[in-house]
Amino acid sequence: MDLSLGVLLEWLRSSCHPEKVSAYSGSCFPGAPRAAGEARLAMIPEKMRQLLPEVELDPSVICFLLGSSTVAFLALKWMGKKLVQQRMREARRYRVQALGQMEEAVQQFKQQNPELQASHILSLPLCELAKKLKEESLSPESVLYTYMDKALEVNRDVNCVTDFIQECVHRLQEVREQKEKGLLYGVPVSIKDPIGYEGHVSTCGLGQHLGYPEQEDSILVKVLKKQGAIPFVKTNISQCLINYDCSNLIFGQTVNPLNHKKSPGGSSGGEGALIAGGGSILGFGTDIGGSIRLPSSFCGLCGFKPTGYRLSGPVNYVQTVTGMVGPMARDVDSLALCMKALLCDDMFRLDPTVPPMPFNEEVYSSCKPLRIGYYDTDGYFLLPPCMRRAVHETRMLLQEAGHTLVPFVPPRINFVMNELFMKGLFADGGTALLKKFELDSVDPNSCSQINCYRLPFLLKKILAFLTKPLFPRFASYLNALCGVWSPKEFSELHAALMTYRWEFASRWRNLGLDVVLCPVLGPAFTVGYPGRLTAAVSSTMLYNVLNFPAGVVPVTTVTEADEEDLKHYTGHYGDPWDRRLRQAVEGAVGLPVAVQCVALPWQEELCLRFMKEVERLAQREKKKNKDNLQRWGFQADVASDVSQRDLQSGICRSHIALQRDGQIEASRTTVQTNMLLDVERTAAQIDLLADVQSDVQAKASCTTVQTDVQKTGSQTDLLIDVQPDVHTQSSCPDVQPDVQPQSSCPDMQPDVHPQSSCPDVQPDVHPQSSCPDMQPDVHPQSSCPDVQPDVQPQSSCPDVQPDVQPQSSCPDVQSDMQPQSSCPDVQSDTQTQLT
């Protein structure tokens, strides 16, 4: 054996250095013939063949072996997929059972405590709830079961809960036995699926992880328990955490509780949906590109991403992007209380990589004016109009509050998005990610994203070259997905990251900024669109690359005007991504709109203080607008009553003024009537009464017209005094279009009244007249535009209000012009009957 090994080594050495064979060719003398060495080498293959059995392989046998190996490989892969699918079905059944147990526990507690005031508990903010729990004015049991009940209700509506942590019931006793009551004593909290909890599976949305429960609690859960919190549910996520939608093949699609056609965001979408629906008061998510801030923006919550390693969280597997765990809640004070509870000695002791920096209450409570940078677009993805409007409205509120606002332009976002974020995230070309889908099928909402990752390297390069002239952003995206393939290139990538961080911080310092106000992606996307717009997260991923603390605060909502402006949205490039973004956010009227607040690394307290200021100003503005609307509504109701009374008074005064004129006209009419009677008697004597009567009536009509023409001047003078009291609504051309729908009368309330204020209108004239000159004998079918239709129910004026009564309501006024007046004391002498 030793001889054979020596011969083999000699052969290998000689094959590498044939010029040295002569020294080891079997001759003991230097300068031995080279041919002898070569002959010895020729014997080696022969000896090796003697050692191996002589077997002749048939080509058909080789084909069979290869075919059977392929079949066996495919069969094993198929069996693996079937096993994963079976585990997924079991996981869904297990969830149904767990939620059933949760509901049974809730119903049992309700029966034992029928006096429980659930609505009161659910309405309390976190700070007040924690205070009442410490004071024992509320019991941990009542709070836990109330939120369990509400979580079940929200889950039935939006499908956000993946697992019920049954141990929460036993945690109640442990909480009561704690010597010191932590800051989160008795507070029920929800946690995102990947956050480890002992005995429960962290699926990451993949079936292959099912069946492998966590062996111990994550450090975050341990610290929460030390502070008295009670984790009670785990929430849904997007598949493999690569999408800012919230859907996977195990637990299905989670929808936005504010609009079921919209996504709750992701990947922490289950947390966002549960908290927004009221089923949790405090939740925890993870953020590697906006997975906390995007659900908060979509669902109208406050979310916070701390600096990397300020809290114990998931291990980063990418050098250029820093992932982090962080809280989500309904208000900023809840986030601050959570950070104060987590930044404790237990956190620093359990995870030595976390810097021992307790929460600085002094910074958070400070009232010192801030120097704030702001921008409404990063130059890479132009966000919808409502998101940019939110930045500018917040900027104005901050300026009015005494803060200094400075324009700030983040540098080179195109470079950051493609070269630092995407290339760093997929430095291996997506190989590690794609390996996770060997046994799992791809969720439909992630198909377009995964298909891009699956393209071969060469095909990515070709497509990038071909699409660059028409679609430059997509070309850069494909190039970034190729990743880095050498240590030198990766080192250059890391050096570029350090250079950019220094460049950004230098620009920040040169402007003397404390914090930065900027937009966040939103409003909520329609379900299915997030997976087709991966690059739209530039507004949030920037601060993962920089490793800056950042938070989201809702400040307003989408309006109809925003929807109109969206129709003209073209984006920065006008490419398919811009058009798709417009489609994704359509139909969002009423949904929340948020802004993003950013600070420098390790300044979480300052970032939270800035978020609190933005929240306070936004709520104050909202309350101010609400109060104004209520005040305007009350004034409109009161003024409407006053205006109605003033209108009646004005009509009565017009009756009095016109009565005086009517008496003069009545005397003239009497003379005319006597003349007609004489003519009528004469006609009767000669048996031509019928013919003469018609002639006389025609003559009388002409005489009346002439009389009215003569009286026009005097009537106009009288009506000038009457008209200011009239409050009727009309479409007359003399009405000012910008005047509020209120009376213009100087001595009356300027409020809305459903009747005319047209200056050319004369009220209480003949009830069937519609002529501008108010001639009572004109045909009632007239459609003159200046008609006053206050007593004419058949008027053809289009703007006549149906509430105007055709009769006077003043009981003491005598109207000689209205034979149909409802006033009992009014004498009607205007139309004299012919006898």
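This is a short conversation about reading the features of a predicted model.

Visitor: Let's begin with the whole protein. How many helices and strands does the protein have?

Guide: Since this is a predicted model, treat each value as computed from it. The protein has 25 helices and 14 strands. Among its 835 residues, 48% count as buried. The accessible surface amounts to about 40,100 Å², and carbon and sulfur atoms hold 56% of that.

Visitor: What share of the contacts comes from residues 24 or more positions apart?

Guide: Take the contacts with a separation of 6 or more: 77% of them are between residues 24 or more positions apart. Val520 gives you a case to look at. The C-alpha atoms of Val520 and Leu294 are separated by 7.5 Å, although their places lie 226 residues apart along the chain.

Visitor: Where does Val520 lie, and is Val520 buried or exposed?

Guide: Val520 sits in the loop between β11 (515-519) and α21 (538-545). A residue counts as buried when its relative accessible area is under 20%, so Val520, at 0%, is buried. Leaving aside residues up to four places away in sequence, Val520 touches Arg293, Leu294, Ser297, Leu383, Met387, Ser539, Thr540, Val552, Ala594, Val595 and Gln596.

Visitor: Which loop residue could I set beside that one?

Guide: Try Leu455, in the loop between α17 (447-454) and α18 (457-467). Leu455 is partly exposed because its relative accessible area is 23%. With residues up to four places away in sequence left out, Leu455 touches Lys460, Leu463 and Leu478. Its C-alpha atom is separated by 9.3 Å from that of Leu481, 26 residues apart along the chain.

Visitor: Now a charged side chain. Where is Asp217, and why does Asp217 count as buried?

Guide: Asp217 is placed in the loop between β2 (188-192) and α8 (219-226). Asp217 counts as buried because its relative accessibility is 11%.

Visitor: Which side chain does Asp217 join in a polar contact?

Guide: The side chains of Asp217 and Lys225 are joined by a polar contact of 2.8 Å. To read the backbone as well, look at Glu198: its backbone nitrogen lies 2.7 Å from a polar atom of the Asp217 side chain. The residues that Asp217 touches, not counting those up to four places away in sequence, are Gly196, Tyr197, Glu198, Lys222 and Lys225.

Visitor: On to cysteines. How many disulfides does the structure hold?

Guide: The structure holds 0 disulfides. For Cys518, the nearest cysteine sulfur is that of Cys597, 7.7 Å away, and Cys518 is in no disulfide. The cut-off is a pair of sulfur atoms within 2.5 Å, so that distance does not qualify. Cys518 is buried, with a relative accessible area of 0%. Cys386 is buried too, at 3%.

Visitor: How should I read a pocket? What volume does the second largest pocket have, and which residues lie nearest its centre?

Guide: Read the volume, then the lining. The second largest pocket has a volume of about 760 Å³. Its lining is made of 22 residues, with Val555, Thr556, Ala618, Gln619 and Lys622 nearest the centre.

Visitor: Which element gives the largest share of that lining?

Guide: That is α24, with 7 residues of the lining of the second largest pocket. At least two lining residues come from each of α14 (385-400), β12 (550-557) and α24 (604-685).

Visitor: Let's turn to the backbone. Which peptide bonds are cis?

Guide: Omega is the angle to look at. One cis bond runs from Gly266 to Ser267, with omega near 5 degrees. Ser267 is in the loop between β5 (252-253) and α9 (269-277). Another runs from Gly522 to Pro523, where omega is near -10 degrees. You will find Pro523 in the loop between β11 and α21, the loop that also holds Val520.

Visitor: And where is phi positive in a residue other than glycine?

Guide: Arg412 is one of them, with phi near 50 degrees. Arg412 is in the loop between β10 (404-407) and α15 (413-425) and counts as partly exposed, at 39% relative accessibility. Trp602 has phi near 70 degrees. Trp602 is in the loop between β13 (592-598) and α24, and its 35% relative accessibility makes it partly exposed.

Technical notes: Residues are numbered from 1 along each chain as its sequence is written. This is a predicted model: local features need pLDDT of at least 70, side-chain atom pairs count only at pLDDT 80 or more; totals for chains, interfaces and linings use all residues. Side-chain values use heavy atoms; hydrogens and water are left out. Helices (H or I, at least four residues) and strands (E, at least two) are DSSP runs, numbered from the N terminus. Buried means under 20% relative accessible area, exposed over 50%, partly exposed in between (1.4 Å probe, protein chains only). A polar contact is a pair of N or O atoms within 3.5 Å; within protein, one must be able to donate a hydrogen and the other to accept it, and residues adjacent in sequence count only if both atoms are side-chain atoms. Contact means heavy atoms within 4.5 Å. Accessible areas come from the Shrake-Rupley method with a 1.4 Å probe; for residues, only the protein chains shown count as cover. On a 1 Å grid over the protein atoms alone, a cavity is a set of points where a 1.4 Å probe fits but cannot get out, and a pocket is an open set with protein on both sides within 12 Å along at least five of seven lines; lining residues have an atom within 4 Å of a point. Grid points are joined across faces, edges and corners, and a volume is the space filled by probe spheres set on the points.
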